[in-house]
Amino acid sequence: MISSEIMSDPLAGALPIFETNYAGAAVWDAEYRSENTIPSSRRRAPAKALVSLGEVLQFSGKRVLDIGCGNGRNANYLASMGCHVVGIDFSEEGLKLAGMDSATNVEYFKHDFLNGVPFEDGAFDLILDSYAICHVVDIKKLSSLKRECYRLLKANGLLLKIHLDDRDLYYRQRAIREDDFGYVSFDSVNSIQKRHFSLDSYLKFMSDLFQAYCSRQIIFSDNVRGDIYERSVFACAIKKVDLND
Ligand SMILES: C[S@@+](CC[C@H](N)C(=O)[O-])C[C@H]1O[C@@H](n2cnc3c(N)ncnc32)[C@H](O)[C@@H]1O
């Protein structure tokens, strides 16, 4: 099911304007419609890192938010594993692809997650961030999103981040800025920026609200437009801490 309507958004406008060069919905619409510069834009199979954590995370029966769900490859997979899934993305073209093979237990909404996510506190057992929040490079906006994810999760809920980390050599060669949290890359092929954390710097950044639960690093060789690179992905699940403890 695809809908551009969602319950009234109490948080709309709460966050400031995007940093310059943030890839907006138009860039992603073009990516899904025709550009396909990112292999996963056309991929229907779920992220390998997600599948590999299935046994540990026990998906069945969980209520999941797939934040920046894109073409729905992960949301549709999680629905097939018995989750109730909400997928949000600001790209209409991505959502059209997502809706093509969605089941009844998955709902898609067009929404910009930088405007907050309009669901009640504790609505989800698991939030999946598969190669999505890495596009937010600004640390203040990332801090707001961290608090929003915390709010949306139930007690003991998990946030699962999958991203190309600071050891990925394709993006390392495209680094434009380095700071205490890792580096920011810019890919001139699609004009998209990304932030690359190390596992340690990510855990440290999230540690006021989340604690480590489990993680997996996947290193592989990849041919990107004719050149071979060592790629590095970390999948890391972190658990919401109880601030009253
Ligand atoms: C690399 S794709 C990953 C898609 C999907 N999670 C996957 O693993 O295949 C990044 C996605 O994040 C979405 N995105 C980026 N910024 C967003 C925002 N502020 N609000 C909603 N979606 C956003 C893009 O539209 C795109 O679909």
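The radius of gyration used here is taken over C-alpha atoms, and the rule for a globule is 2.2 Å times the number of residues to the power 0.38. For 245 residues, that rule puts a compact globule near 18 Å, and this chain has 17 Å, which agrees. Keep in mind as you look around that this is a predicted model. Let's take a tour, from the whole chain down to single residues.

**The whole chain**

- Look for 8 helices and 11 strands, which make up the secondary structure of the chain.
- If you drew a box along the principal axes, the C-alpha atoms would fill roughly 45 × 40 × 40 Å.
- Of the 245 residues in the chain, 38% are buried.
- Take the contacts between residues at least 6 apart in sequence: 67% of them join residues at least 24 apart.

**The nonpolar core**

- In soluble globular proteins, nonpolar side chains tend to be buried together.
- Here, the largest nonpolar core has 54 residues, and Leu78 and Ile127 touch the most other members.
- Leaving aside residues up to four places away in sequence, Leu78 touches Phe59, Val64, Cys83 and Val85.

**Strands β2 and β3**

- Is strand β3 largely enclosed or open? Strand β3 covers residues 84-89, and 5 of its 6 residues are buried, so the rest of the structure largely encloses it.
- Strand β2, residues 63-67, runs parallel to β3, and 5 bridges join the two.
- To find this pairing on screen, start at Asp66, which stands opposite Gly87 in β3.

**Strands β6, β10 and β11**

- Strand β11 (residues 227-240) pairs with strand β6 (residues 153-164) in the antiparallel sense, over 7 bridges.
- One place to spot that pairing is His163, which stands opposite Phe234 in β11.
- Strand β10 (residues 210-224) also pairs with β11 in the antiparallel sense, this time over 14 bridges.
- Between β10 and β11, Asp222 has Tyr229 in β11 as its bridge partner.
- The hairpin of β10 and β11 has 2 residues between the strands, and Arg225 in this hairpin takes a positive phi near 45 degrees.

**Around the ligand**

- How many residues surround the ligand? There are 20, and the closest are Trp28, Gly68, Gly70, Ser91 and Ser130.
- By type, the shell around the ligand divides into 9 nonpolar, 8 polar and 3 charged residues.

How values were computed
Residues numbered from 1 in each chain as written. Predicted model: local features only at pLDDT ≥ 70, side-chain atom pairs only at ≥ 80, totals over all residues. Helix = DSSP H or I, 4+ residues; strand = E, 2+ residues; numbered from the N terminus. Buried ≥ 20, exposed ≤ 12 C-beta atoms within 10 Å, placed from the backbone. Contact = placed C-beta atoms within 7 Å. Near = placed C-beta within 6 Å. Nonpolar A, V, L, I, M, F, W, Y, C, P; charged D, E, K, R; others polar. Core = buried A, V, L, I, M, F, W, Y, C linked by C-beta atoms within 7 Å. Pairing = 2+ DSSP bridges.
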